[in-house]
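Hello,

Here is the structure I promised to pass on. Please open it first, then read the notes below it.

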Amino acid sequence: MRGVSIGVLGVLVGVLTWAVNAGTPTTSAAPPTRSDSARERADHLICPLAEFIRSDTQIALLAGRGGSVDLQRVSGGEWSSYRKVDLGDAGGWIGGVPSGSGVLMAESGAGWSGAGMVNTAPGSKSTWMCGESSDMLMALGGSTLEEDHLDLILYNPYIWDSTSRVAIISELGEDTPAGLREVYVPAGKTVKVSLDEPLRLRRFLGVHVESSPGRVAFLLQQAGNQETAIIEGSIPHTEWWLPIPDLEQTETHLLVASPSDAPSSYRLDLMTETGPVYGFVEDDLLPGQLIAVPLSDLPADVTGIRVSGTVGLVAALRMESDGLLAIGPGASGTSRRWFLPGAGGDGKSRNLAWLLNPSVLPVSATVSAVAEGAFSLQITIAPESVLAFDLDLLSGLAENLPGYLVEAEEEIAVVRTSQTEDGAASYSAGAPVD
């Protein structure tokens, strides 16, 4: 595998409860469907590992070329080859990961690729994506209420030591405990920090990590409602799309924050069952502010949200009910091709793709299971709407199914939900593989 350097986000987050004015929506013009420049692909993907009790964690890969992929493991200050993966004719693979903490690095080569992690445990479901190197990451949606437990996990896959500058903001404002403002992360090692005691009884938390020298990756591991959720760091973008899934959740919050240290502005455009509402909210976004919007403050028939900003920001959903905790960022922009990692069709969970069409015209798309002999179906997504598609229809008799591929004639946004029989669920954006 080529020498790689992993980057991770650093972002300042704040928390501020916000209520939407439910008056007459504005009639601003429809926004462009994509504001980010063309995506640049790295030649490797970084897959942080998380430790669970009595669980099964798998990594799923998809590449736009055949052949093999090297998986390298970084753990305990050592760098080693984990395994060489044969992608086969379908270009995908899924398999177990080593126990313990650390990082898997997947070589992706020059072609498009995507990867993600899927964990299933008794009463729990977690999904998080593998990412690319970056000098800025943001994670939103943590909580330390009475029954919650929140850990910050820092990963350093580099060959040199690093010091991470950590900034945490809650509904109380700047809220970083003195002992957490700098965390030393040795080369090739993982550091896990509990946020429970120093930050007890916070409803929402956002974490910004900036490291020097080099870069570190991080996850937030959230436990609550008898379930565990992994919150991945995300690269800020100026546009986010968030289909709103129906998981029978009783409470959902939209979370928005920016790493910018200067005042900026943001905008919410809504998709509803009766049509789009442009410019439902247009407001300032202050440095260090995380906006927490209860979906109960939005129209009852909202099916999707576009969040755009004058600077890069991150938007995520936190969904909760008895036995359900699903937290994840939305889709950062749109793409014609999406990879949804993780198998389905086992009869023990319900797997859905939520396809959001921002165009004013219908869009045709093909959804395929990534396996030889698996099924594919062509569907049409109505203009400015969200379509829920049952992925389990495609699994057939395929074994070791890495996941699903969505290919559309125009750019769309796609997220995936997976929900177990006992109600535990996960929410994660697909990997754009243009």
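The second largest cavity is lined by Lys-125, Ser-126, Thr-127, Ala-229, Ile-230, Leu-325, Ala-326, Ile-327, Ala-425, Ser-426 and Tyr-427. Keep in mind that this is a predicted model. Four elements each give two or more residues to that lining: strand 9 (124–129), strand 18 (227–232), strand 25 (324–329) and strand 32 (425–429). By residue type, the lining divides into seven nonpolar, three polar and one charged. The space inside this second largest cavity is about 40 Å³. A search of the whole structure turned up three cavities of 30 Å³ or more.

Strand 9 leads on to a sheet. Strands 6, 3, 8 and 9 form an open sheet in the order 6-3-8-9, with antiparallel pairing. Strand 6 (92–96) and strand 9 are its edge strands, and each pairs on one side only. On average, neighbouring strands here are turned by 15 degrees against each other, direction ignored. Within this sheet, strand 8 (residues 113–121) pairs with strand 9 in the antiparallel sense, over six bridges. To find the pairing on screen, look for Met-117: its bridge partner in strand 9 is Trp-128.

There is another open sheet to look at. It has four strands in the order 2-7-4-5, and the pairing is antiparallel. At the edges are strand 2 (44–49) and strand 5 (78–86), each pairing on one side only. Neighbouring strands in this sheet are turned by 25 degrees against each other on average, again with direction ignored. Strand 7 (residues 102–107) and strand 4 (residues 68–75) pair in the antiparallel sense, over four bridges. Leu-71 is a good place to start: it stands opposite Ala-106 in strand 7.

One last stop is Ser-164. This residue sits in strand 12 (residues 162–170). Is Ser-164 buried or exposed? Its relative accessible area is 0%, and the cut-off for buried is under 20%, so Ser-164 counts as buried. Which side chain does the side chain of Ser-164 join in a polar contact? The partner is the side chain of Ser-211, and the contact is 2.7 Å.

For a quick tour, begin at the cavity lining on strand 9, with Lys-125, Ser-126 and Thr-127 among its residues. Then follow strand 9 to its pairing with strand 8. After that, visit Leu-71 and Ala-106. Finish at Ser-164 and Ser-211.

Best wishes

Notes: Residues numbered from 1 in each chain as written. Predicted model: local features only at pLDDT ≥ 70, side-chain atom pairs only at ≥ 80, totals over all residues. Heavy atoms only, no water. Pairing = 2+ DSSP bridges. Axes fitted to C-alpha atoms, helices over the stretch in contact; angles between N-to-C directions. 1 Å grid on protein atoms, 1.4 Å probe; cavity = no way out; pocket = protein on both sides within 12 Å on 5 of 7 lines; lining within 4 Å. Points joined across faces, edges and corners; volume = space filled by probe spheres on them. Nonpolar A, V, L, I, M, F, W, Y, C, P; charged D, E, K, R; others polar. Buried < 20%, exposed > 50% of the residue type's maximum accessible area, 1.4 Å probe, protein only. Polar contact = N/O pair within 3.5 Å; in protein donor to acceptor, adjacent residues only side chain to side chain.
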